[in-house]
Amino acid sequence: MIAASHDDGYWLGFDLGGTKMHAGLFDRKLQPVGHRRKKTRGHEGAEAGVERICNSIEKLLVELDVSVSQLRGIAVGCPGPLDLDKGIIVESPNLGWKNVPLKEILEKRFGCEATILNDVDAGVYGEHRFGAGSGARTTLGVFPGTGIGAGLVYEGRIYRGRKSSCLELGHIPVVPNGAMCGCGRRGCLETVASRLSMSAEIAKAAYRGQAPHLMRVAGTDLANIRSGTLAEAISDGDTVVEKIVRDGAHHLGVAIAGTVNLLLPDVIVLGGGLVEALPKLFLEEVQNALGRHVMPAYEGAVEVKVAKLGDDAGALGAAAWIRHLVEEKTAKN
């Protein structure tokens, strides 16, 4: 942490995850001033969780010698369905929260503009402004993990639905009458291309004796089969693990190809822990799928990149987004 200058106001970006929360304070040029990370503990309930968010922000300000009056805006990237206009977390299944008016609470507590946005949208916006999508007119971000998150930034704005976020790439149907998805439908992309779905197939292979290295280090417990574990198993010669991950990455690439035919982004940013662990594999499979499935007129029009900002993308993207909204509002008045 470094001491903050008091010459200008500051922007606070907050990344609210199912297991971790991350507060980042940024100056008027959106340069990082300081960060604070802690466990979310969503199981303690929404009221305790919101208080934990507020306490994290307050403690970060104290550590950096920044007064609440210097805050110009706060944005929180949140998982789950949101009412973006009212700033309400409608439901966050991973946290167990429902109908949380987070925008209103933050504005009353800190006396500045506040907003919420989808956590993936925050990360994609961060990559668009400062990372792998910098300079693009349109950036599509795709983040395979436990599920598959995606977001789109079009001409400087986050693409959204009427009241909520959109771009649910993970729930595009890809396998007719396929496996049951967590959303309640069958055959969604997440059932074949998420880390969770691939890990389930890999656990079966390990049980059958086809993945000895993975069996030795992780067993068949899905909780132990993490992104780094998969990369290690592939490196150590578990060919079945590589085949399953490549199959999943191929399915992801086919779905992305369809999205390219629909939206034609300049840049596709692949991110998340699984891509960070296996960047070459994912780039190869996605690019191969685009080569086979993107319509000929669009060949070569899209660049595929690996995300650059890592865990900082969400907080930085959220801070940049609230600054954009506040400056846009000021310009209209």
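User: Before we go wider, which residue takes a positive phi in the hairpin of S2 and S3?

Analyst: That's leucine 30, with a phi near 60°; the hairpin has five residues between its strands. Keep in mind that we're looking at a predicted model.

User: Okay, and how do I read the pairing on either side of that hairpin?

Analyst: The general idea first: strands of a sheet pair through backbone hydrogen bonds, either parallel or antiparallel. Here, strand S2 (residues 20-26) and strand S3 (residues 32-39) go antiparallel, with seven bridges between them. To find your place, look for phenylalanine 26, which has proline 32 of S3 opposite.

User: What is the order of the strands in the open sheet of three?

Analyst: Read it as S5-S6-S7, with antiparallel pairing. Strand S5 (82-83) and strand S7 (97-100) are the edges, each pairing on one side only. Two bridges link S5 with strand S6 (residues 88-92), and aspartate 83 sits opposite isoleucine 88 in S6.

User: And the open sheet of five strands: which strands are at its edges?

Analyst: Its order is S11-S10-S9-S12-S13, and the pairing is mixed. That puts strand S11 (157-158) and strand S13 (303-306) at the edges, where each pairs on one side only. Strand S10 (residues 148-154) runs antiparallel to S11, joined to it by two bridges. For a landmark there, valine 153 stands opposite isoleucine 158 in S11.

User: Which strands does helix H8 touch?

Analyst: Helix H8 (residues 239-263) packs on the sheet and touches strand S9 (138-144), S10 and strand S12 (267-270). Its direction makes about 160° with that of S9. Then there's helix H10 (residues 279-293), which lies across S9, S12 and S13 and runs at about 165° to S13.

User: Let's zoom out. How far apart are the C-alpha centres of the two domains, domain 1 and domain 2?

Analyst: They lie 27 Å apart. Across the contact, domain 1 puts in 13 residues and domain 2 puts in 16. As for bounds, the domain assignment gives domain 1 as 10-124 + 312-332 and domain 2 as 135-307.

User: How do I go about reading a pocket?

Analyst: The general trick is that rolling a probe the size of a water molecule over the atoms shows where empty space is left. Take the second largest pocket, whose volume is about 430 Å³. Its lining has 20 residues, and those nearest its centre are Leu84, Thr115, Arg160, Trp321 and Leu325.

User: Which element gives the most to that lining?

Analyst: H11 does, with seven residues. Strand S8 (113-118), S11 and helix H11 (313-332) each supply at least two. So you've already met one contributor: S11, an edge strand of the five-stranded sheet.

User: What's the chemical make-up of the lining of the second largest pocket, by class?

Analyst: Nine nonpolar, two polar and nine charged residues.

User: Last one: why does the second largest pocket lie between the domains?

Analyst: Because domain 1 and domain 2 both give residues to its lining.

Note on methods: Residues numbered from 1 in each chain as written. Predicted model: local features only at pLDDT ≥ 70, side-chain atom pairs only at ≥ 80, totals over all residues. Heavy atoms only, no water. Pairing = 2+ DSSP bridges. Helix = DSSP H or I, 4+ residues; strand = E, 2+ residues; numbered from the N terminus. Contact = heavy atoms within 4.5 Å. Axes fitted to C-alpha atoms, helices over the stretch in contact; angles between N-to-C directions. 1 Å grid on protein atoms, 1.4 Å probe; cavity = no way out; pocket = protein on both sides within 12 Å on 5 of 7 lines; lining within 4 Å. Points joined across faces, edges and corners; volume = space filled by probe spheres on them. Nonpolar A, V, L, I, M, F, W, Y, C, P; charged D, E, K, R; others polar. Domains from an automatic or database assignment.
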